[in-house]
Amino acid sequence: MATNLPESIDTPCGSPTDPARRRLLVGLLTAYTASLIPWALAQPAPHAELGAFTALSAILVGRQALDAAQATRLFDALAATHPNFPADVQALLALINERHIDPLQLQGVLDAEHSTLAPLPRQIVSAWCLGVIGSGEGARCVAYETALNAVIVADVLKPPTYAYGSYGSWTGKPV
């Protein structure tokens, strides 16, 4: 049975080279990415590197809102410690967006691929949760009361902002 359909309907329109299909896919990818990190898009960032850090941080720590001043302090401290930090942050964010990696699976994927970016999520989460950049002699405390480990439990626990005794008094065994 012959059909009277126009020739354009008879040809496949979903070919990989179809520009309309590409625009649709790019639009869907952008909308999907924005749905993952809408809070990062809503918060103004003074420069793209800090914006990428804030977006990546929000994904990694699972928080919709992060303190902008603390984000700046953490970014500056991490960038001072690791010279390629801003570029690595943008590369990791691009990798997450391109491959749609679930944040809960991210570290496993990076470790399994022996990626040079594998230490980055640990550094960022440690900085946000503990407020400490680096380790050992080079450790630097950037946040204490506003670190996420204190903020998350602040409704029940109030971590002290001072030592209860002289320096080192916490090292002795209680009586």
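**View 1. Helices H4 and H6 lie oblique to each other because their angle falls outside the parallel, antiparallel and perpendicular ranges (under 35 degrees is roughly parallel, over 145 roughly antiparallel, 65 to 115 roughly perpendicular).** In this predicted model, local features need pLDDT of at least 70 and side-chain atom pairs pLDDT 80 or more, while totals for chains, interfaces and linings use all residues. Residues are numbered from 1 along each chain as its sequence is written, and side-chain values use heavy atoms, leaving out hydrogens and water. H4 spans residues 48–61 and H6 residues 85–99; they pack at about 50 degrees, with axes 9 Å apart. Those axes are lines fitted to C-alpha atoms over the stretch in contact, and angles run from 0 to 180 degrees between N-to-C directions.

**View 2. Here are the residues where H4 meets H6.** On the H4 side, look for Ala48, Glu49, Ala52, Phe53, Ala55, Leu56 and Ile59. Their partners in H6 are Phe85, Pro86, Val89, Gln90, Leu92, Leu93 and Ile96 (contact means heavy atoms within 4.5 Å). By class, this contact has 12 nonpolar residues, one polar and one charged; Ala, Val, Leu, Ile, Met, Phe, Trp, Tyr, Cys and Pro count as nonpolar, Asp, Glu, Lys and Arg as charged, and the others, Gly among them, as polar.

**View 3. Alanine 94 sits in helix H6.** Alanine 94 counts as partly exposed because its relative accessibility is 32% (buried is under 20%, exposed over 50%, partly exposed in between, with a 1.4 Å probe and protein chains only). Its C-alpha atom lies 9.4 Å from that of alanine 52, although the two are 42 residues apart along the chain.

Conventions. Helices (H or I, at least four residues) and strands (E, at least two) are DSSP runs, numbered from the N terminus.
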